[in-house]
Amino acid sequence: MNAQVWQWAAEVVAAWLLQRRSPRDAMAAMPVLRTGDPGERAAVARASSAALAAMRRLEFVLAGPAGLGHWRARERALALVLGAAVERDELLADAATRQFEMLDGGAPPEFARLLRTDELLAATRDGEARTFARRHSLPDWFAPRALSQFGSEADAVVAALAAPAPRTLRTNLLRVPSRQALAVELQQEGVATTAAKYAATALHVQGDGDLFATAAYRRGAFEQQDEASQLVAAVTAPPKGGKVLDLCAGSGGKALALAALLQNRGLVLATDVHRGRLEALRERMARAGADNVQIAVLPEHDLPPPVAAFAGHADRILIDAPCSGTGSWRRRPEARWSLDGDGLASLCATQDRLLDRAAALLRPGARLVYATCSLLAEENEQRIEALRARSPELEVVRIAEILGAAIAAPIADATGTFLSLRPDRHGCDGFFTAVLRRRRP
Ligand SMILES: C[S@@+](CC[C@H](N)C(=O)[O-])C[C@H]1O[C@@H](n2cnc3c(N)ncnc32)[C@H](O)[C@@H]1O
């Protein structure tokens with residue numbers, strides 16, 4: 001890896017440290033990365049993500065021997081990028097020491113060794129949760145929750161959250177006849193893929209090729225979408241020609257997947273509180289050839305009569321809820337530093353409000369689908385339990401009933417009740433999905 005990549009990655013990290021600008025936005029604002037070599041761009045993304053994900057652990061090690069505390073944000077950013085590269089064995093000790101010498105004050109020779117070994121972390125005595133948080137570079141509010149929820153598997157779960165995420169595509173069956181046909185088309189454009197294990201439409205991309213420069217992308221043959229999100233659409237399972245109200249459509253990843261499942265029949269009404277995100281969906285609809293999606297901004301405390309009327313006939317109401325995003329930290333490493341315990345409590349309150357709103361709109365026999373990319377029971381099972389206590393007319397539809405026992409078994413929880421995906425087990429983002437039905441009177 002060349003030194004220029006470390007420098008660019010450090011710029012991306014500095015943009016987050018100084019302005020809380022996401023790596024995606026920071027990279028988009030750097031012309032040299034927008035137009036440059038896709039391999040270099042991918043290397044910058046990986047290097048900056050690794051630095052942001054490992055930030056807490058790196059700062060702990062660097063603050064002592066290397067005196068990180070005295071560095072300004074740009075030097076700190078470069079130190080984090082170099083430190084993450086040393087940890088991942090991408091930067092040899094001698095080279096690392098030379099790179100660090102370029103930073104103000106340099107770094108003592110033992111620094112690279114300390115980053116590679118457990119010595120400093122192991123020598124520090126602290127409570128179990130704090131030690132776990134530091135070792136895995138986690139925020140303090142998350143570590144005790146992960147330990148109590150995942151027990152002996154906690155190390156594996158959080159290690160998977162620090163690994164690079166796969167690049168996954170959803171085959172757009174409105175534009176191509178099959179996943180295999182898309183794989184062949186991409187192969188001809190120099191992009192190799194492999195079929196994903198669980199979602200029938202998902203392909204994993206090999207290598208760093210520029211997907212968005214392909215003719216297949218321009219003609220809408222695929223969307224970039226994690227396998228877990230594709231499974232949420234599969235579990236929503238709209239009936240043929242059915243109507244779906246997507247209450248948190250954002251820029252429409254799941255709305256477009258549902259539109260394709262409906263084979264351009266029926267209707268998906270994509271709503272969100274955020275107008276800008278819905279505008280992005282409009283562009284994506286045109287490229288994907290999805291003619292069965294309509295868009296409406298839906299303020300949190302208002303219900304325009306056309307939306308209420310649609311809801312009264314909807315077969316499915318989907319809540320792809322705002323959440324901690326803990327299941328997708330691999331893709332947004334900075335997100336682990338953007339929330340605290342109060343933020344989590346406020347997200348749970350929003351989730352309850354959205355669930356109550358959907359429950360009130362649900363007609364008898366229709367299904368409410370609740371999804372989060374959170375790993376935490378507080379945002380998942382506990383929200384559903386609380387909803388059912390408030391709305392006893394709702395019954396759970398088991399994932400095994402929707403997909404069949406054999407397909408559901410590897411991706412559902414132990415009882416086949418909820419979709420329960422984890423990066424360490426399934427390789428996709430962590431996702432939870434519950435399906436509820438309003439009993440007929
Ligand atoms: C997880 S994202 C949705 C992602 C989207 N469904 C997709 O598949 O690309 C959650 C969305 O909920 C929206 N949101 C936040 N609070 C909301 C609320 N009170 N009512 C409706 N939508 C809300 C956010 O604007 C955001 O777009």
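How many nonpolar, polar and charged residues does the shell around the ligand have? By class, seven are nonpolar, four are polar and five are charged. The model described here is predicted.

## Ligand surroundings

The ligand is surrounded by 16 residues. Cys248, Lys254, Asp272, Arg277 and Asp320 are the closest of these.

Three of the polar approaches can be described atom by atom. At Cys248 the backbone is involved: one of its N or O atoms lies 2.9 Å from a nitrogen atom of the ligand. At Lys254 the side chain takes part, with an N or O atom 3.0 Å from an oxygen atom of the ligand. The side chain of Asp272 likewise places an N or O atom 2.7 Å from a ligand oxygen atom. Taken alone, the ligand exposes 590 Å², and the protein buries 81% of that area.

## Domain layout

The chain is divided into three parts: domain 1 covers residues 3-124, domain 2 covers 168-224 and domain 3 covers 227-438. By these bounds, Cys248, Lys254 and Asp272 fall in domain 3. Taken over C-alpha atoms, the centres of domain 2 and domain 3 are separated by 24 Å.

## Interface of domain 2 and domain 3

The size of an interface is often given as the accessible area lost when the parts come together. For domain 2 and domain 3 the buried area is about 1500 Å², with 52% of it on carbon and sulfur atoms. On the domain 2 side, Arg170, Leu174 and Tyr198 lose the most area to domain 3. Together these residues make up 47% of what that side buries.

Counted by residues, 18 from domain 2 are in contact with 19 from domain 3.

## Polar contacts and salt bridges

Between domain 2 and domain 3, 12 residue pairs are in polar contact, counting pairs in which both residues have pLDDT of 80 or more. Two salt bridges are found across this interface.

Which residue forms a salt bridge with Glu223? The partner is Arg284, and the closest N and O atoms of the pair are 2.8 Å apart. By the domain bounds, Glu223 belongs to domain 2 and Arg284 to domain 3.

How values were computed
Residues numbered from 1 in each chain as written. Predicted model: local features only at pLDDT ≥ 70, side-chain atom pairs only at ≥ 80, totals over all residues. Heavy atoms only, no water. Near = heavy atom within 4 Å. Polar contact = N/O pair within 3.5 Å; in protein donor to acceptor, adjacent residues only side chain to side chain. Areas by Shrake-Rupley, 256 points an atom, 1.4 Å probe, with all protein chains shown as cover. Nonpolar A, V, L, I, M, F, W, Y, C, P; charged D, E, K, R; others polar. Domains from an automatic or database assignment. Contact = heavy atoms within 4.5 Å. Buried area = accessible area lost by both parts, 1.4 Å probe. Salt bridge = Lys/Arg side-chain N within 4 Å of Asp/Glu carboxyl O.
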